[in-house]
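Hi there,

Here is the structure I promised to pass on to you. Have a look at it first, and my notes follow below.

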Amino acid sequence: MVARYERIAAELRDDILAGAYPVGSQLPSEAELAARHRAARGTVRQAVAVLVAEGLVGSRQGARRIVLGNARSQSFAELHSFAQWARANGYRIGGQVISQRRRAATAPESARFGGGEVLEVLRLRSLEGEPVLVERTVYAEWVAPAVEALAADCASVTEALYESVGLIFAYGEHLIDAVPAGAGDARLLGVRRGSPLLRQRRVTTTHEGRPVESSDDRYRAGSVTFSIRNSIDANPLTRRAGDLRFGP
């Protein structure tokens, strides 16, 4: 059964996405929303908190909330994969392994994963039927058999590994910069060679701190946005559908 505050949040979210509350406008006050939805102010407060967590409205207390965006976003304060973020926001996603091989670990990989072999996977991701992301992921030897057992068109490796072997990706470190598209990436993403791509380099571990994977992910311009909304209390990094932005 859907909670009352979740239904109110869904209605407000639909209004924001439909443009009823443009970016920069104010939401009605808690009292007005409570009267409109015939709900207690505490219930309305919970509903608005959901929209704050999604990055749709501002988090300032004691005043009417300001609409910050008209697209749902994922906070990097929580660890979610690209597929989990896309599904949570209702986007149609796809994935396809382009190549996959076992090889000897390089010196840095040996230091990170503990030596031995690694599994190198090149994967293409799509959003709403369009190629948006090239992933070059290196998996530790201990998790390689589970990854090799996945279907080539597996949409969410994170969810599939949890279902098959109970693996939980618990912690991640992310570095983000812009790079030009090489010939291979340009062909896969359908862009010109040298076009700007947003690169996210990440390392993911288990709850115990055991490294699982390292990845070099490259997003096509115009596919998703990484944005930062900061305050004196927090500085979360978010990802949302839209245009990639580079520079200041």
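Let me begin with one arginine: R102 has a relative accessibility of 33%, so this residue counts as partly exposed. Please keep in mind while reading that this is a predicted model.

**Two salt bridges between β2 and β3**

R102 has a salt-bridge partner in E117, with 3.7 Å between the closest N and O atoms. Because R102 sits in strand β2 and E117 in strand β3, the pair ties together parts that are 15 residues apart in sequence. E117 has a relative accessibility of 35%, so this glutamate is partly exposed too.

E120 and R101 form another salt bridge through their side chains, at 3.0 Å from N to O. Here E120 belongs to strand β3 (residues 117–127) and R101 to strand β2 (residues 93–104), so this contact ties together parts 19 residues apart in sequence. For E120 the relative accessible area is 27%, which puts this residue in the partly exposed class. R101 is partly exposed as well, at 44% relative accessibility.

**A buried pair and its network**

You may also like the salt bridge in which the side chains of R218 and D185 meet, again given as N to O, at 3.7 Å. This one links distant parts of the chain, since R218 is in strand β7 (residues 211–220) and D185 is in helix α8 (residues 183–189), 33 residues apart. Are these two residues buried or exposed? Both R218 and D185 are buried. The pair also belongs to a wider arrangement: R136, D177, D185, R199, R201, D216 and R218 are joined into one network by salt bridges that share partners. In total, the structure holds 18 salt bridges.

**The nonpolar cores**

Now for the nonpolar side. The largest nonpolar core has 16 residues, and I16 and V57 are the ones that touch the most other members. Which helices each supply at least two residues of this core? They are α1 (4–18), α2 (30–37) and α3 (41–54). Another core lies apart from this one and contains 15 residues, including V143, V147, L150 and F169.

If you open the model with these notes beside you, the R218 and D185 pair in its network and the core around I16 and V57 might be good places to start looking.

Happy to talk it through whenever suits you.

Best wishes

Terms used: Residues numbered from 1 in each chain as written. Predicted model: local features only at pLDDT ≥ 70, side-chain atom pairs only at ≥ 80, totals over all residues. Heavy atoms only, no water. Core = buried A, V, L, I, M, F, W, Y, C linked by side-chain atoms within 4.5 Å. Buried < 20%, exposed > 50% of the residue type's maximum accessible area, 1.4 Å probe, protein only. Helix = DSSP H or I, 4+ residues; strand = E, 2+ residues; numbered from the N terminus. Salt bridge = Lys/Arg side-chain N within 4 Å of Asp/Glu carboxyl O.
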